[in-house]
Amino acid sequence: MRKILLMGNPNVGKSVIFSRLTGTYVVTSNYPGTTVGFTKGYTKINGEKVEVIDVPGAYTLEPTNTAEEVAVKMLETASQEKENVVIQVIDATNLERNLILTLQLLSRNLPLLIALNLWDEAKHLGIQIDFQKLEAILGVPVVPTVAITGEGIKELKEKIPKAKKGRCLTGEKWQEIGKIIDEVQRVSHRHHTFSEKLNDLTIRPATGLPLALIILYLIFLLVRLGGENLTTYLLDPIFNKLYLPLITKIITQISPPKFFLEILLGKTLEPLSSFGLLTTGPYIPFVIVLPYLFIFYLLLSLLEDIGYLPRLATLLDTFLHRLGVHGYSSVPIILGFGCKVPALLATRILETKREKVITTALIMMMAPCLPQSAMIVSLIAPYGTKYLFLIFSLLFFLSLFVSFLLSKVLSGETLELFLEIPPYRRPIFSLLGKKTWLRLKAFLKEAVPLIFGGVFLISILELFGIIDFIAKFLGKPLLYLLGLPERTIGVIVTGFLRKDVSIALLSLLNLTPKQLIIASLFLTLYLPCLSTFFVMGKELRLKNLFQVVVIQFFSGLFVGFLLNHILN
């Protein structure tokens, strides 16, 4: 079957054209042996079903990162097969830079078609391109497109069968590009647009950093309120009033042996303490995690589509570079303030294992997730805001210190950030919804089975008394070092399932302010929650998972021990 490879620089609208060509029936996956994701779907050309592949963005076919290596491998595979076509999506507002990849593709001797995208923005910027002359120079079809509105997509699809091997320009590449630009492009004078003024405000540190803090705070607020309301007023009632009675009735009628009954429903019908495969199993991903994930992915896709995320990464790059990572890490770290599961899945955009380990440590230690933060605030606030400031400051600076140490201990170097800053664009809400769904589908496909598997494992361990044995064996020494009463052992065990609930349970134990602070900090740091633990294991593999978990545990123990002897 013939394939169409969509190639181009990052942020040129390639994914939007992919969506226009393929519709909604698409599949996302990782390239074998890497964490670089790509998307494939299908379209019909003259009645024939054709596979369309959205190749990872690349500036050059001389790879400088993992994504470009994957792009080259996909191109090499296509060149070995017959009747494959490459569509290069070009940013019409930056023709000169995009032509580097064009010349390299022409030298590969594959049928090529060019989509001259962002045609409307080029006009607004006073850029005039004679696409017919460009077509004559390169020897391949060139179609102006505006992907977000669909302009030119029909013509692009009609010209796919006419894709051909173009002229291989053998001169020095920048000289050839300069000649092409002189012949096909004219730029007229114009005044700065509102979009450009907004760009200046959001990219300059003096104004960009305060605006970034405001935007991040608003995201934090929207995710918290949206997630809490979806859980409280929609998903939790559906689960407890409809699903739980129904599944209990079905399992009871089947009447399995007691051992299997406890595995399926748990010892109690309370989903946060039963460890039942059909109670706790669906409750964690669908009632606890999914609402926060949905709101955050929606907002993340919005910021991505309007073009703000690259600016945020650029603003934070200098600071994060000192910790051994670069600006790309800002995206998963920000996600971690809402929920650790999507944050860990987002580390796939990072290129090296070193960056992933350091970023994961920042995600896990910099701040609690939203529900946990809310519980800490409600629990500690009555004793004074100074205690809240102490908790969140300790977490923040501890995460920076650990990340700095990791950057010195782990081998490798921090890669420089080479990031294209796209112009601000209006979001297309249909595409926004599609992108949010694709991300949620990845969570449902990859994280949910791990969570169910984790619940099943914990259920087995609990039924055989192994959990209680571990709690009693390790609990007393821990509590002695932290200065906590024995009745907190059960709360610490509960924290592995859901940390915000475990912190809420502290309010029932009549602890002193000092004990509440120590317990809150230790519960935040000592272990990831169940869903996070298994997702982290998938993303980091066993060795790196062990490193991060050990660092978390002993950091929590050390800070708790110090506070036990310093606070009075």
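1. In this predicted model, Phe522, Tyr526, Phe553 and Phe554 come together as one aromatic cluster.

2. Across the whole structure, a search for aromatic pairs returns 10 of them. One of these is formed by tryptophan 119 and phenylalanine 131, whose rings meet edge-to-face, with 6.0 Å from centre to centre and 90° between the planes. Because tryptophan 119 belongs to helix α4 (residues 119–124) and phenylalanine 131 to helix α5 (residues 131–138), this pair ties together parts that are 12 residues apart in sequence.

3. The two partners of that pair should also be read with their accessibility in mind. Tryptophan 119 has a relative accessibility of 12% and therefore counts as buried, the cut-off for that class being under 20%. Phenylalanine 131, with a relative accessible area of 25%, is partly exposed.

4. Another aromatic pair joins phenylalanine 259 and phenylalanine 260, and this pair is edge-to-face as well, with 5.5 Å between the ring centres and 85° between the planes. Phenylalanine 259 is partly exposed at a relative accessible area of 36%, and phenylalanine 260 is likewise partly exposed, at 48%.

5. Charged side chains also sit over aromatic rings in this model, and two examples deserve a look. Lysine 49 is placed over the face of tyrosine 42, at 4.5 Å from the centre of the ring. In the other example, arginine 311 has its charged end over the ring of tyrosine 424, at 4.0 Å from the ring centre.

Key
Residues numbered from 1 in each chain as written. Predicted model: local features only at pLDDT ≥ 70, side-chain atom pairs only at ≥ 80, totals over all residues. Heavy atoms only, no water. Phe/Tyr/Trp six-rings, centres within 6.5 Å; stacked < 30°, edge-to-face > 60°. Helix = DSSP H or I, 4+ residues; strand = E, 2+ residues; numbered from the N terminus. Buried < 20%, exposed > 50% of the residue type's maximum accessible area, 1.4 Å probe, protein only. Lys NZ or Arg CZ within 6 Å of the ring centre and 35° of its normal.
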